[in-house]
Amino acid sequence: MTSLRILHVDDEPDIREVVALSLGLDPAFSVRSCASGEDALIAAADWSPDMILCDVMMPVMDGPATLARLRECPQTADIPVVFMTARAQTRELEHFRSLGAAGVIAKPFNPLTLAGMVRQYAPAAVARRTLLRDSFVSRARADAATLAGCRPGLMQDAGGSAALDRIGAIAHALAGAAGIFGFHGISIDAAALEDAVAMARDGVGSLDEVEQTLDCVVARIDSDLARAVNAA
Amino acid sequence: MAGISINPPTTLRPMLARAVLAALLLFATAGAGPREDFRGFNIVATPGHPFGGASAKRALDGAKRLGATAVAIIPFLWQPSPSSSDIVRGTDLPDAALRTAIRQARALGLLVIVKPHVWVPESWAGAIAPDSEEGWHAWFAGYRRAIEPIARIAAEENADALAIGTELTKTTGRGEWTDVIARARAVFPGTLLYVAHNADEAEAISFWNRLDAIGATLYPPLGADRDRAGRLAAMRAAVERLGAVAAREHKPVVVAEIGLRSAQGAAAMPWESAEERDAPADGLLQAEVLADWLTVLDRPAIRGVLIWRWFTDPDAGGAADTDFTVQGKPAEAVLRCAWTKACGKP
């Protein structure tokens with residue numbers, strides 16, 4: 001299992017650094033930080049974190065507003081969000097939970113026990129990650145079949161342009177998603193395929209190279225997914 | 001309506017006068033002590049990273065980012081053995097380098113304590129004791145010769161405090177200290193202190209009344225690594241004793257050194273250096289112990305806490321390191337939370 005990706009959102013640079021240091025003590029986590037709710041929306045869509053630790057009081061877009069915006073986007077709607085706040089009275093906790101927060105970590109927090117507190121919310125993040133990973137495995141298998149199906153088309157139409165478009169789009173998506181779920185080999189090979197497609201389109205690479213790289217990607221998907229299933 | 005007199009009854013006047021006098025004396029004493037809290041690190045120059053250079057600046061910036069307000073700069077004196085009287089200034093931080101160090105720290109807005117240490121090969125400052133009366137006279141003469149230029153530079157470079165000595169346990173019963181203090185006072189206008197070794201030496205010293213603050217290093221044995229209750233009890237006992245000295249002397253306390261290696265087994269012997277024992281790294285232990293120290297030392301009489309230690313190499317330390325430095329270790333998060341209050345910011 002790759003480490004859990006934690007996105008930490010706080011407008012205070014001091015707190016961002018301390019949280020990064022504190023969670024860095026636990027190899028179970030990899031952490032990214034951002035300074036505002038707006039940045040968090042972009043980072044959540046781009047990086048696909050397993051959990052978001054979010055400050056409540058932030059200028060412009062506060063924690064609850066950030067949570068609401070995350071829920072509006074299908075890609076980020078189900079990411080568990082844990083608020084970090086100095087307002088952690090019972091009534092406020094209930095309010096935050098009613099908004100959809102997975103939990104609340106009270107400030108001031110102890111930097112030596114923060115990782116343990118975050119771990120309390122890990123099961124929800126792990127469950128979500130497992131679902132997404134299963135979904136990725138199914139999709140990658142379908143992508144491998146589609147790529148293999150595109151191969152003959154490379155030589156058929158004018159320079160294989162329709163096939164190149166399709167292959168390029170699949171390779172791009174695979175390169176991003178495979179890394180998130182720990183399939184780094186697939187991610188690297190898919191990125192190489194995306195590059196080969198771009199070079200063939202620009203006339204600096206050949207369709208033969210695209211074919212060879214595509215074969216590598218298909219073989220890599222078959223072998224890595226089989227290994228992952230066996231390991232599970 | 002009966003008039004309300006603002007004049008106290010005659011019988012209370014002597015009592016009031018004494019109270020005013022006591023308040024004035026207390027104010028005068030407090031005025032001579034540190035104006036701000038010293039919190040930060042004992043800075044040790046690493047070879048290749050001299051004070052004044054860009055890497056030392058990065059290291060000092062790093063200390064400041066954790067919330068440090070002060071640094072102790074350490075010129076070393078040297079003598080060949082505990083019984084020797086041949087005490088001389090070391091070559092690690094000559095006059096020009098000492099000036100540069102004070103300037104660089106002050107330019108970054110840090111308070112500076114100049115804190116000379118005596119280095120005795122294969123021994124320590126606390127063992128220094130010349131074996132004859134002539135030896136003592138010679139030792140103090142040599143010590144004064146070494147300290148006076150340091151005090152002068154500290155004054156000229158506007159250092160905030162000067163320690164007239166550090167952990168010279170076996171010397172501090174001697175009357176010569178009165179003269180050392182008077183000479184330092186004559187050239188240095190800032191806060192003068194001496195740094196005693198643990199509460200034992202602090203309790204025994206009779207010259208605190210000539211100084212502005214009580215300095216002490218605190219390295220009591222803290223028990224088994226994970227025995228937090230035992231550790232807290234040992235810390236509280238040491239701090240209570242220092243507090244009692246502070247109350248007796250009406251002086252603030254600067255804890256000029258606390259710390260331990262980031263190594264397994266370090267709590268039992270916090271003074272032990274990495275050269276004395278190989279042990280696996282344990283950054284979490286160091287962080288937990290320092291967190292407890294900062295909690296226990298959070299009391300009004302304590303006007304400064306300096307961690308031993310921080311190097312001028314900004315990349316020193318790290319997770320695998322087992323030295324005292326906290327650089328690149330979990331203790332950084334603890335200090336930052338304690339000193340900047342970052343972890344409680346809403």
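# Notebook: a predicted two-chain model

I began with chain A and counted nine helices and five strands. A reminder to myself before going on: this is a predicted model. Reading chain A from the N terminus, I wrote down the order of elements as β-α-β-α-β-α-β-α-β-α-α-α-α-α.

**Chain A, overall.** I looked up the extent of the C-alpha trace, which spans about 65 × 40 × 30 Å along its principal axes. The domain assignment splits the chain into domain 1, residues 4–120, and domain 2, residues 130–231. I then checked the spacing of domain 1 and domain 2 of chain A, and their C-alpha centres are 34 Å apart. On burial, I noted that 36% of the 232 residues of chain A count as buried. I also looked at contacts in chain A with a separation of 6 or more, and 61% of them come from residues 24 or more positions apart.

**Chain A, the sheet.** Next I traced the strands. Five of them make an open, parallel sheet in chain A, ordered β2-β1-β3-β4-β5. At the edges I found β2 (29–34) and β5 (103–106) of chain A, each with pairing on one side only. Neighbouring strands of this sheet are turned by 25 degrees against each other on average, direction ignored.

I picked one strand pair to follow in detail. Strand β1 (4–9) of chain A runs parallel to strand β3 (51–55) of chain A, and four bridges join them. Within this pair, I located A:Ile6 opposite A:Met51 of β3(A).

Then I turned to the helices on this sheet. Helix α1 (13–24) of chain A lies across β1, β2 and β3 of chain A, at about 175 degrees to β2(A). Helix α3 (63–72) of chain A also packs on the sheet, where it touches β1, β3 and β4 (81–85) of chain A. The direction of α3(A) makes about 150 degrees with that of β3(A).

**Chain B, the barrel.** Moving to chain B, I followed eight strands with parallel pairing until they closed into a barrel, in the order β1-β2-β5-β7-β8-β9-β10-β11. Here I again noted the average turn between neighbouring strands, 25 degrees with direction ignored. One of the pairings is between β1 (38–44) and β11 (302–311) of chain B, parallel and over seven bridges. In that pairing I found B:Ile307 of β11(B) as the bridge partner of B:Phe41. I also looked at helix α5 (176–187) of chain B, which packs on the sheet and touches β7 (161–166) and β8 (191–197) of chain B. The angle between the directions of α5(B) and β7(B) is about 160 degrees.

**Where the chains meet.** I counted 16 residues of chain B in contact with 14 residues of chain A. On the chain B side, α8 (283–296) and α9 (331–340) each supply at least two residues. The most comes from α9(B), with six residues. Sorted by class, the chain B side has ten nonpolar, two polar and four charged residues.

**A closer look at α8(B).** I checked the length of this helix first. At 1.5 Å a residue its 14 residues should span 20 Å, and the end C-alpha atoms are 20 Å apart, so the two agree. Helix α8(B) is mostly covered, with ten of its 14 residues buried; among them I noted B:Leu285, B:Val289, B:Leu290 and B:Trp293. What do the buried residues of α8(B) pack against? I found α7 (228–249), β10 (253–258), β11 and α9 of chain B.

Terms used: Residues numbered from 1 in each chain as written. Chains lettered and ligands numbered in written order. Predicted model: local features only at pLDDT ≥ 70, side-chain atom pairs only at ≥ 80, totals over all residues. Pairing = 2+ DSSP bridges. Axes fitted to C-alpha atoms, helices over the stretch in contact; angles between N-to-C directions. Contact = placed C-beta atoms within 7 Å. Nonpolar A, V, L, I, M, F, W, Y, C, P; charged D, E, K, R; others polar. Domains from an automatic or database assignment. Buried ≥ 20, exposed ≤ 12 C-beta atoms within 10 Å, placed from the backbone. Expected span 1.5 Å × (residues − 1).
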